[in-house]
Amino acid sequence: APDTRAVRGEILYFTGEPAALGDAAIAHFPDGLLLVRGGRIDAVGPAAELLPRLPSGAPLHDYRGKLILPGFIDTHIHYAQVDVIASPGEQLLNWLQKYTFPAEARFADPQHAAAAADFFCGELLRNGTTTALAFATVHPGSADALFAAAHRRRMRMITGKVLMDRHCPPGLCDTGTTGEAESRALIERWHGRDRLLYAVTPRFPATSSAEQMRAAGRLFAEHPGLYLQSHLAENRQEVAWIARVHPEARSYLDVFSRFGQLGPRSVFAHCIWIDDEDRERMAGTGAAISFCPTSNLFLGSGLFDLERARAHGVRIGIGTDVGAGTSFSMLQTLGEAYKVLQLQGQALGAAQAFYLATLGGARSLYLDGRIGSLAPGCEADFVVLDPAATPLVARRIAGCATLAERLFVFMTLGDDRAVLATHVLGEPAWRR
Ligand code: GUN
Ligand code: FE
């Protein structure tokens with residue numbers, strides 16, 4: 001078969017949520033081979049077993065000595081905030097006004113949006129991220145630009161035009177009616193086209209009127225497989241604002257619930273200032289949390305309680321939240337997640353961390369069986385990590401006795417330099 005290729009290296013993926021490394025929840029082939037056919041994993045196993053099955057003339061990518069993992073899944077990021085990264089001195093609400101809204105206003109220009117979307121997809125791939133759930137801006141053309149850029153690279157991309165019709169600068173406001181109509185047109189154009197999916201995207205309840213929140217709930221219910229993404233309980237002033245605007249709601253989460261926005265495929269970033277009743281409802285409805293550690297530290301928003309969310313059975317993925325987040329690198333993001341949890345007396349194991357960045361993220365998006373794993377049948381998106389990325393990484397990895405130790409070095413010391421290559425649907429999409 002002409003579309004068959006093989007990839008050799010140390011292969012690792014999760015088959016379940018690990019408690020500790022060495023579990024049945026992990027598939028690990030120290031000298032492994034992936035057979036990819038038509039963009040999907042056809043077989044995976046020890047190279048010695050699978051090499052004889054490789055059709056003659058099929059290309060073989062030799063990554064021996066490197067670590068091959070499923071492509072990372074970033075469950076919360078803003079493509080229009082690349083130019084906002086590293087904007088100092090403010091917490092959430094002032095940060096939005098001072099830096100973020102002006103930067104997003106520039107996406108009214110389709111050329112600016114197209115260039116930014118290209119840069120953004122390039123950065124994702126350079127960092128080993130092959131799927132993202134991303135915010136565009138209020139401008140429908142901004143969503144078109146990101147869909148088009150991801151489509152050219154054959155990436156899995158879930159995005160949507162932001163809905164915001166109040167408490168925002170005039171150039172950055174839609175209305176209940178236009179926001180709904182523009183979203184509907186984008187859904188028609190992009191949702192389910194190849195690997196692209198649409199997310200209804202009310203920014204947060206402070207910037208959407210009740211009319212628009214109702215429209216978002218309607219849209220979400222209208223088409224099968226649509227996502228809904230928003231922000232939830234990130235910052236204490238923000239939480240107090242939402243409580244003032246929605247006195248009828250029991251909690252911030254309850255606002256979304258009242259507008260029909262809670263269910264499988266709704267993904268809420270942050271969820272720092274929530275209580276157990278909220279966690280119970282999220283778990284019960286199948287909604288997911290995107291944990292964004294670098295953003296929560298950078299904006300001083302607070303510490304996400306992973307243990308409590310897990311204990312309640314809430315689906316959890318990891319988000320970089322660029323541009324409040326400070327890195328595209330999922331490795332750096334996992335390293336910061338570890339520190340956020342340390343501050344709460346919780347120890348994030350390396351296996352748990354990489355699970356969250358791969359299969360856990362896929363499960364939070366209901367895309368397991370398709371992405372986040374290298375099991376046969378899955379889409380062949382993967383990242384190749386280089387144990388010789390930097391002198392320090394090489395030195396620390398040389399001193400590791402176990403796979404878990406090596407993974408921990410990658411998440412503590414690794415960044416974009418540790419990503420040797422990224423493949424999308426089996427084909428090289430980026431190489432250092
Ligand atoms: N809440 C509402 N909008 C935003 C945003 O753009 N970034 C973050 N971090 N939080 C938000
Ligand atoms: Fe965000």
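Student: I see Ala233 in the loop between strand S10 (227-232) and helix H7 (236-245). What is the sign of its phi, and how should I read that?

Tutor: First, the ground rules. This is a predicted model, in which local features need pLDDT of at least 70, side-chain atom pairs count only at pLDDT 80 or more, and totals for chains, interfaces and linings use all residues. Residues are numbered from 1 along each chain as its sequence is written, while chains are lettered from A and ligands numbered from 1 in the order in which they are written. Helices (H or I, at least four residues) and strands (E, at least two) are DSSP runs, numbered from the N terminus. Now the general idea: most residues other than glycine have a negative phi, and most peptide bonds are trans. Ala233 is not a glycine, yet its phi is positive, about 50 degrees.

Student: Which residues does a cis peptide bond join?

Tutor: Val322 and Gly323, with omega about 10 degrees. Gly323 belongs to the loop between strand S13 (315-318) and helix H12 (330-342).

Student: How do I read the open sheet, and what is its strand order?

Tutor: Strands of a sheet pair through backbone hydrogen bonds, either parallel or antiparallel. Here, two strands count as paired if DSSP finds at least two bridges between them. The open sheet has seven strands in the order S3-S2-S1-S4-S14-S15-S16, with mixed pairing. Its edges are strand S3 (40-46) and strand S16 (427-431), each pairing on one side only.

Student: Which pairs show the two senses of pairing?

Tutor: Strand S1 (residues 4-14) and strand S4 (residues 60-70) are parallel over six bridges; Glu10 has Leu67 in S4 as its bridge partner. S2 and S3 run antiparallel, also joined by six bridges, and Gly32 is bridged to Pro46 in S3. Two residues separate the strands of the S2 and S3 hairpin, where Gly38 takes a positive phi near 60 degrees.

Student: Which residues surround ligand 1?

Tutor: A residue is near a molecule if its C-beta atom, placed from the backbone, lies within 6 Å of it. Around ligand 1 these include His78, Arg203, His231, Glu234, Ser295 and Asp321. Helix H2 (residues 92-105) gives the most to this shell, with three residues.

Student: And why does the radius of gyration agree with a compact globule?

Tutor: The radius is taken over C-alpha atoms, and the globule rule is 2.2 Å times the number of residues to the power 0.38. For 432 residues the rule expects a radius near 22 Å, and the chain has 21 Å, so the two agree. The C-alpha atoms fill a box of roughly 65 × 45 × 40 Å along the principal axes.

Student: Finally, how many helices and strands are in the chain?

Tutor: The chain has 15 helices and 16 strands.
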